[in-house]
Amino acid sequence: MARRVFSGIQPTGLVHIGNYLGAIKQWVDLQYDHECFFSIVDYHAITVPYDPKQMPKNTFDAAVVNMAAGLDPNKSTIFIQSHVPQHTELAWLLNTITPMGRLSHMTQFKEKSRMFREGINAGLFNYPILQAADILLYKATLVPVGEDQVQHIELTRDIARKFNTTFGETFPEVEPRLSEAPRIMALSDPTKKMSKSIPGSYIALTDSPEKIKEQIMKSVTDSGPQKDVPMGAGIANLFMLMQEFSPPDVYQRFRSQYDEGTIKYSELKKTLAEDIANALTPIREAAQNLAKRPDYVYDSLREGAHKAQSIAKRTMAEVKLRMGLI
Ligand code: TYM
C-alpha cells in the first residue's frame with residue numbers, strides 16, 4: 001500500500017555516508033512506490049551556532065547532493081523547510097501539548113547541549129517539536145531515518161496521540177523505518193556515531209577517491225581477530241560498510257579470512273576504499289553537474305515548496321478548527 005513518507009536532513013555543510021546509508025538510500029528506494037516529502041530542514045540547523053553567510057550555500061549543497069544521490073524532484077516533493085511557514089506555525093501549537101520533561105530526556109538535546117555548552121537556546125530544546133510538526137503537517141505515517149532519530153519519532157507519535165485525545169482524531173500513527181545500516185560509526189572512534197561534527201569520522205558523498213582512501217586507511221581497528229573475543233567495533237563498522245558498498249563475494253571472502261584469523265586489515269581497507277570510491281563517483285559527478293544548474297535546483301525546490309504548502313495549509317486549517325482558533 002502506498003504510504004505518505006516524510007523525512008528531513010539538516011543543511012550543515014556536507015552529507016556523509018552515514019546519512020546516505022541510514023536515510024537517503026531509503027528515501028531513493030521509497031520514492032518509486034510512495035508519496036514522499038523530503039525537506040532540507042534549515043530551521044533545525046539554526047538551533048546551534050552557525051554562520052549566516054554560509055547558510056545559503058549549505059542549503060543549496062544539501063539539495064544538490066540529495067538530488068545527485070537519486071532523489072528525483074519529479075517523483076518526490078523536495079523543499080526547504082523555511083519556505084513552508086506552516087512548519088513553525090504547527091510547531092507552536094504542538095508546543096502547548098508537549099511536556100517539558102519529555103524534551104529534557106532527548107538524547108540529541110543532551111549531546112548537543114554538552115557540545116555547545118555556552119548559550120543553549122530554547123530552539124534547541126524545542127527542536128523535536130518542530131520535527132514532530134514536520135511529519136504531522138503532512139500526516140505522514142512512515143519516516144525513514146537513522147537510528148539516532150528513533151527517539152524523536154517516538155515523541156512525535158506521543159504528541160500526535162495527545163493531540164488526538166485532547167482535540168479529536170486528527171493525526172495518524174507514525175512509524176520510523178530503519179535501513180540495514182542504521183548506525184554507521186565514526187572511522188576515527190568507533191564508539192561514537194559518524195558525524196559531521198567529529199573531524200576525521202566521516203566520508204562525504206562528494207569526497208575524492210584519494211580522500212576516501214586516506215580516511216579508510218586511517219580508520220581505527222584493533223590488533224586482529226582473537227579466539228573467543230567478539231569482533232571489535234571498528235572492524236565491525238568496516239564490515240558493515242563492506243556489506244553496503246562491496247559485492248557479496250568480496251564481503252564473504254574477507255569475513256571468512258576474519259573467521260580463520262588470516263585477514264590482513266590493510267587489504268580489507270584497500271578493497272573497501274576502492275569499492276566506496278566506485279560507488280560514490282557517480283554521485284560526486286552528478287553533484288558537480290547539478291551545481292552548474294542552480295536554476296534547475298532552485299526551481300525544483302520552489303515547486304516542491306508550493307506542493308508541500310497546499311497540503312500544509314489544509315492540515316493547519318483543520319488543526320486550528322479543532323483547537324478552537326477562529
Ligand atoms: P540529520 O541531518 O542529523 O541526519 C539526516 C539523516 O541521516 C541519519 N544519520 C545517520 N544514519 C546512520 N548512521 C549515522 N552515523 C548517521 N548520522 C545521521 C539521521 O538519522 C537522519 O535520518 N532531526 C533530523 C532531521 C529532521 C527530520 C525531521 C528527520 C528534521 N525533521 C522529520 C525525520 C523527520 C536530523 O538532525 O537529521
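A residue is near a molecule when one of its heavy atoms lies within 4 Å of it. This is a predicted model, where local features need pLDDT of at least 70 and side-chain atom pairs count only at pLDDT 80 or more, while totals for chains, interfaces and linings use all residues. Residues are numbered from 1 along each chain as its sequence is written, and side-chain values use heavy atoms, with hydrogens and water left out.

**Exercise 1. Describe the shell around the ligand.**

Start with who is there. The ligand has 26 residues around it, and Gln10, Tyr127, Asp134, Asp148 and Ile184 come nearest.

Next, sort the shell by character: eleven residues are nonpolar, twelve polar and three charged. For this split, Ala, Val, Leu, Ile, Met, Phe, Trp, Tyr, Cys and Pro count as nonpolar, Asp, Glu, Lys and Arg as charged, and the others, Gly among them, as polar.

Then ask where the shell comes from. At least two of its residues come from each of β1 (4–9), α1 (17–30) and α7 (122–137). Helices (H or I, at least four residues) and strands (E, at least two) are DSSP runs, numbered from the N terminus.

**Exercise 2. Find polar contacts of the ligand, then check how covered it is.**

Look for pairs of N or O atoms within 3.5 Å. Glycine 18 puts a backbone N or O atom 3.1 Å from a ligand nitrogen. Asparagine 19 uses its side chain instead: a polar atom there is 3.1 Å from a ligand oxygen. For methionine 194, a polar backbone atom sits 3.1 Å from a nitrogen of the ligand.

Now the cover: on its own the ligand exposes 710 Å², and the protein buries 97% of that. Accessible areas come from the Shrake-Rupley method with a 1.4 Å probe; for residues, only the protein chains shown count as cover.

**Exercise 3. Work out whether the overall fold agrees with a compact globule.**

Take the radius of gyration over C-alpha atoms and apply the rule of 2.2 Å times the number of residues to the power 0.38. For 326 residues, a compact globule would come out near 20 Å; the protein chain has 21 Å, so the two agree. The C-alpha box along the principal axes is roughly 70 × 45 × 45 Å.

Add the secondary structure: 13 helices and five strands.

**Exercise 4. Place asparagine 58 and methionine 316: buried or exposed?**

The scale first: buried is under 20% relative accessible area, exposed over 50%, and partly exposed in between (1.4 Å probe, protein chains only).

Asparagine 58 lies in helix α3 (residues 55–68) and counts as buried because its relative accessibility is 15%. Leaving out neighbours within four places in sequence, asparagine 58 is in contact (heavy atoms within 4.5 Å) with Pro11, Thr12 and Gly13.

Methionine 316 belongs to helix α13 (residues 294–322). Its relative accessibility is 3%, so methionine 316 is buried too. Setting aside residues up to four places away, methionine 316 touches Gln86, Glu89, Leu90, Leu93 and Leu137.

**Exercise 5. Which phi values of lysine 139 and aspartate 228 deserve a second look?**

Recall the background: most residues other than glycine have a negative phi. Lysine 139 has a positive phi near 50°, and aspartate 228 has one of about 60°.

Locate each. Lysine 139 is in the loop between α7 and β4 (142–144) and is partly exposed at 26% relative accessible area. Aspartate 228 is in the loop between α9 (209–218) and α10 (233–245), and at 78% it is exposed.

Conventions:
Polar contact = N/O pair within 3.5 Å; in protein donor to acceptor, adjacent residues only side chain to side chain.
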